[in-house]
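The following paragraphs lead through the strands, helices and cysteines of one protein model. Please keep the sequence and the coordinates in view while reading.

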Amino acid sequence: MYVAVIPNRSSPPAILLRESYREAGKTKNRTLANLSRWPAERIDQLRAVLRGDQLLPAAEAVEIVRALPHGHVLAALGTARRIALDAVLPRRAPQRRRDLALALIVARLLDPAAKLATARMLDPATACHSLGEMLGLDTVTAKEIYATLDWLGREQPFIEATLARRHLKNGALLLYDVTSTYLEGRCCELAQHGYSRDHRGDRPQIVIGLMCAADGCPVAVEVFEGNTADPLTLSVQIDKLKQRFQLQRVVMVGDRGLLTSARIEQTLRPAGLDWITALRAPAIKQLAAEGGPLQPSLFDDRDLAEITSPDYPGERLVVCKNPLLAEERARKREELLTATEKALARIQARVQRTRRPLHGAAAIGQAVGAVLGRRHMAKHFQISITDETFSFVQNAVSIAAEAALDGIYVVRTNLPAAHSDAAATVRAYKSLSGVEHAFRSLKTVDLELRPVFHWTAPRVRAHVLLCMLAYYLQWHMRHSLAPMLFDEPDPAAREAQRISPVAKAEPSPAAKRKAARKRTDPATPALAKAGGEPLPVHSFHTLLGDLATLTRNVVRLGRDRLTAILATPTRTQHRAFDLLGITPTA
């Protein structure tokens, strides 16, 4: 018996079950049944039976050999290829090394871990996601991972120059700031005890300088010894701009502790670079002295004004007053004064008690100095100490003088007003928040740069570069996925609608709706095109976790045939892939 398909002119073909037989030495056929109304699947099953194929129960015919988290790999790897992240890696290297470097970057974003753990998660035999299979890496060893990391470190000049060509040009704003983090161990020559921004003064530190484009996109990173002062990192970065990036004029934006007057005169001005920074408190106090250019009347009907001073020739000073900042500084000062006064009162009680009193001017002064130094409140107290007495009183004049400048800060620049007016200058200075966001992502839960466990300076520098490249990938992903995250969906539009750059940045109406409802905003253009009901809003990490539930399943059909099948994406996953411009594939 067999199944025959008989053409039927313009009508659908007839599907017949037929039988062959011999009669008088001749082969003849007869029709046993008309199967034209049968579904195609049932006809295929009948053909298999007629061929003699062994039919198995469904549970035995289909076997899932392996299921690996896949959606977050698709999102990260697809974005890396869309933004041509692999193109910043030197093409002269073998393809496997370039693939391993890309895998290290993506793996750092998906699951920050030690290099040995990364090797295990990329090896197909021990993988915990599909990244290794998607890149065709086969067996991966820890030795290969470390060799690739070392290669990345050696190629840092090429990688940064490529990123600079993409995101920087002559005359552009360049954001620069530094941070520190701590190391475990004592072998690295970069590890030195210095100021710890992580409040880990018990550990040796390294100092990290990060350069970003005006929109916060990272471009270059440098690692210094842990006891390097922030301003001293500047000359290395300027040499990098001039020699490696071939940029003759940029506008360096840095905070007041970094772009000091000394650095401006000794480093920036001789290099022919422009700058935007801010004045420190003592300099602001000098401007506000009697007869100075900074007077309270400037803020009678506005929150920023432009002034000049002979102390800053050829520069423009933009004076700003933020009422909210003034309230916060007043509150904090009152708390510090109260806490200091209570601590000083305890010392006074120790001096006045009858049993074992605290005596001696030196001993009393040591205890008082420790209290005043802890909160930096010595300027606001008048102290009197003898061998047997101690008294204190708040300095009302000093407190009032400081309170008069609450909420006031001064931005300084050498740019002409035609190039950057007062409002644009303040916005540029405030854009340093993009570098601060990068440091938070690098050092905390996103990429877990700290603590550093590598022992040699080249490895430490390569590790920091790897984390920066992972943040570069995350930065692009967050911008695309902003409508689904708690992030601001359109920061540029929000900034354009601000009445004043000095005022506190308020979330846009779309961001407020997302935060209040915990659902995506259907009015967002990127989501309005997709239609459908609003979806839950995610953080970046919870969205990656949701995408990871989309699995890549290796399935055995029958006894021998293996195929890869992608699980059905959910609405949330479909929306995320649409925003990233990625088509889900197995």
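Two strands are taken to pair if DSSP finds at least two bridges between them. Helices (H or I, at least four residues) and strands (E, at least two) are DSSP runs, numbered from the N terminus. The model is predicted: local features need pLDDT of at least 70, side-chain atom pairs count only at pLDDT 80 or more, and totals for chains, interfaces and linings use all residues. Residues are numbered from 1 along each chain as its sequence is written, and side-chain values use heavy atoms, with hydrogens and water left out.

With these terms in place, one open sheet consists of three strands in the order β4-β15-β16, paired in the antiparallel sense. Its edges are β4 (62-69) and β16 (561-566); each has a single partner strand, so one side of each is left without a neighbour in the sheet. From one strand to the next, the twist averages 25°. Strand β15 (residues 551-557) is joined to β16 by six bridges, and within this antiparallel pair L557 stands opposite R561.

A second group of pairings involves strand β14 (residues 408-413), in which six of six residues are buried; buried means under 20% relative accessible area, exposed over 50%, and partly exposed in between (1.4 Å probe, protein chains only). In a regular strand the side chains alternate between the two faces of the sheet. In β14 both faces are covered, with I408, V410 and R412 buried on one side and Y409, V411 and T413 buried on the other. Strand β9 (residues 274-278) runs antiparallel to β14 and is joined to it by three bridges, with A278 opposite V411. Strand β11 (residues 316-321) also pairs with β14 in the antiparallel sense, over six bridges, and there C320 has Y409 as its bridge partner.

Strands β2 (residues 11-23) and β3 (residues 26-34) run antiparallel and are joined by eight bridges. E19 has R30 in β3 as its bridge partner. Two residues lie between the strands of this hairpin, where A24 takes a positive phi near 55°.

Attention now turns to the helices. Two packed helices are described by the angle between their axes and the distance between the axes. Helices α17 (residues 457-481) and α21 (residues 540-548) pack at an angle of about 85°, with axes 12 Å apart; axes are lines fitted to C-alpha atoms, for helices over the stretch in contact, and angles run from 0 to 180 degrees between N-to-C directions. The two helices are therefore roughly perpendicular, a label for 65 to 115 degrees, whereas angles under 35 count as roughly parallel, over 145 as roughly antiparallel and the rest as oblique. Q474, M477, R478 and L481 in α17 meet F540, L543 and L544 in α21, where contact means heavy atoms within 4.5 Å. Q573, in helix α22 (residues 571-580), is buried at 1% relative accessibility. Not counting residues up to four places away in sequence, Q573 touches D546, L547, T549, L550 and T568.

How many disulfides does the structure hold? There are zero, a disulfide being a pair of cysteine sulfur atoms within 2.5 Å. The sulfur of C217 has its closest cysteine sulfur in C212, at 7.5 Å, too far for a bond. C217 is buried, with a relative accessible area of 0%. C467 is likewise in no disulfide, the nearest cysteine sulfur, that of C212, being 14 Å away; C467 counts as buried at 0% relative accessibility.
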